[in-house]
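The following exercises concern the structure shown below. Each task is followed by a solution in steps.

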Amino acid sequence: MLFRSRLTKKEEQILNSLTSFLNVDKSTVIKHSIIELYEDYLDKIEIEKFEKREKQGKVEFLSSDDILKDLK
């Protein structure tokens with residue numbers, strides 16, 4: 001798929017800085033950025049699910065001592 005986008009001067013400067021810093025091409029920086037944003041999105045969904053279960057009292061926390069006891 002071919003993708004075109006117009007960038008502001010500031011966005012272009014950011015993109016150029018990242019390509020230099022990471023030593024990759026512009027498309028790689030954009031692809032990595034999309035993946036990172038998608039991972040953030042998935043994390044947010046999981047956090048919302050956890051918080052919903054927590055409000056329903058379906059979450060149990062274990063102390064480190066309890067975890068260590070289970071390992072013995």
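**Exercise 1.** Determine whether Glu12 is buried, partly exposed or exposed, and describe the salt bridge between Glu12 and Lys26.

*Solution.* Step 1. The classes are set by relative accessible area: buried means under 20%, exposed over 50%, and partly exposed in between, with a 1.4 Å probe and protein chains only. Glu12 has a relative accessibility of 26% and therefore counts as partly exposed.

Step 2. The model is predicted, so local features need pLDDT of at least 70 and side-chain atom pairs count only at pLDDT 80 or more, while totals for chains, interfaces and linings use all residues. Residues are numbered from 1 along each chain as its sequence is written, and side-chain values use heavy atoms, leaving out hydrogens and water.

Step 3. A salt bridge is a side-chain nitrogen of Lys or Arg within 4 Å of a carboxyl oxygen of Asp or Glu. Between Lys26 and Glu12 the closest N and O atoms are 2.7 Å apart, and the two form such a bridge. Glu12 belongs to helix H1 (residues 9-22) and Lys26 to helix H2, so the pair ties together parts that are 14 residues apart in sequence. Lys26 is partly exposed as well, at 36% relative accessible area.

**Exercise 2.** State how many salt bridges are counted, and examine the pairs Lys44 with Glu48 and Glu46 with Lys49.

*Solution.* Step 1. The count comes to three salt bridges.

Step 2. In the bridge of Lys44 with Glu48, the closest N and O atoms lie 2.5 Å apart. These two residues are four residues apart in helix H2, which means a separation of about one helical turn. Lys44 is partly exposed at 48%, and Glu48 is partly exposed at 40%.

Step 3. In the bridge of Glu46 with Lys49, the closest N and O atoms are 3.3 Å apart. Both residues lie in helix H2, three residues apart, about one turn of the helix. Glu46 is partly exposed with a relative accessible area of 45%, and Lys49 is partly exposed with 42%.

**Exercise 3.** Identify the residues that gather in a patch of negative charge on the surface, and locate Asp43.

*Solution.* Step 1. Charge patches are made of residues with over 30% relative accessible area and no salt bridge, like charges being joined within 9 Å. Lys and Arg count as positive and Asp and Glu as negative, without His and the chain ends; a charge is placed at NZ of Lys, CZ of Arg, CG of Asp or CD of Glu.

Step 2. The negative patch gathers Glu36, Glu39, Asp40 and Asp43. Asp43 is found in helix H2 (residues 26-55) and is partly exposed at 45% relative accessibility.

**Exercise 4.** Describe the chain by its helices and strands, and explain why it is more spread out than a compact globule.

*Solution.* Step 1. Helices (H or I, at least four residues) and strands (E, at least two) are DSSP runs, numbered from the N terminus. The chain has three helices and zero strands, in the order α-α-α from the N terminus on.

Step 2. The radius of gyration, taken over C-alpha atoms, is compared with a globule rule of 2.2 Å times the number of residues to the power 0.38. For 72 residues the rule gives 11 Å, whereas the chain has 21 Å, well over that value, so the chain is more spread out than a compact globule.

Step 3. The C-alpha atoms fill a box of roughly 55 × 30 × 25 Å along the principal axes, and buried residues make up 4% of the 72 residues.

How values were computed
Patch = residues over 30% accessible without salt bridge, like charges linked within 9 Å, V, L, I, M, F, W, Y side chains within 5 Å. Areas by Shrake-Rupley, 256 points an atom, 1.4 Å probe, with all protein chains shown as cover.
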